[in-house]
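Biologist: Could we go through this model together? I should like to begin with the aromatic rings.

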Amino acid sequence: MKEVLSDRPFYETSGGGLTVSGGEPLMQPDFLQSLLESAHTAGVSCCVETCGFASWVCLEQIAGLVDFFLFDLKETDPVRQ
């Protein structure tokens with residue numbers, strides 16, 4: 001959170017916030033929840049970039065802490081999957 005909050009002036013002027021991505025953030029749900037709770041408490045907007053490959057329990061665990069989800073859809077054609 002120290003690193004996240006060091007960018008607060010940028011968030012305030014740009015309207016941005018914390019984006020959690022890289023690999024798959026939902027593969028570490030406890031860490032993700034803790035990070036999002038801290039950011040949410042500090043008033044930092046939160047975004048999670050994910051492919052959505054996680055249990056509903058995991059998604060429900062963080063949904064109330066996320067302002068935006070960016071879903072990375074690789075393929076929608078069932079024949080090509």
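Modeller: Rings of Phe, Tyr and Trp (its six-membered ring) pair if their centres lie within 6.5 Å; planes under 30 degrees apart count as stacked, over 60 as edge-to-face and the rest as tilted. This is a predicted model, in which local features need pLDDT of at least 70 and side-chain atom pairs count only at pLDDT 80 or more, while totals for chains, interfaces and linings use all residues. Residues are numbered from 1 along each chain as its sequence is written, and side-chain values use heavy atoms, with hydrogens and water left out.

Biologist: How many aromatic pairs does the structure hold?

Modeller: The structure holds 1 aromatic pair. Phe69 and Phe71 form this pair, which is stacked, with 5.6 Å from centre to centre and 25 degrees between the planes.

Biologist: Are Phe69 and Phe71 buried or exposed?

Modeller: Neither term applies. Buried means under 20% relative accessible area, exposed over 50%, and partly exposed in between (1.4 Å probe, protein chains only). Phe69 counts as partly exposed because its relative accessibility is 30%. Phe71 is also partly exposed, at 47%.

Biologist: Turning to the sheet, what is its strand order?

Modeller: The order is S1-S2-S3 in an open sheet of 3 strands, with parallel pairing. Strands (E, at least two residues) and helices (H or I, at least four) are DSSP runs, numbered from the N terminus, and two strands pair if DSSP finds at least two bridges between them. Strands S1 (18-20) and S3 (68-71) stand at the edges; each has a single partner strand, so one side of each is left without a neighbour in the sheet.

Biologist: Over how many bridges do S2 and S3 pair?

Modeller: S2 and S3 pair over 4 bridges, in the parallel sense. Within S3, Phe69 stands opposite Val48.

Biologist: Where is Thr50 found, and is Thr50 buried or exposed?

Modeller: Thr50 is found in strand S2, residues 46-50. Thr50 counts as buried because its relative accessibility is 2%.

Biologist: Which side chain makes a polar contact with that of Thr50?

Modeller: The side chain of Glu24 does, at 2.6 Å. A polar contact is a pair of N or O atoms within 3.5 Å; within protein, one must be able to donate a hydrogen and the other to accept it, and residues adjacent in sequence count only if both atoms are side-chain atoms.

Biologist: And what about Glu37?

Modeller: Glu37 is found in helix H3, residues 29-41. Glu37 is partly exposed, at 36% relative accessible area. The C-alpha atoms of Glu37 and Leu65 are separated by 6.5 Å, although these residues are 28 residues apart along the chain.
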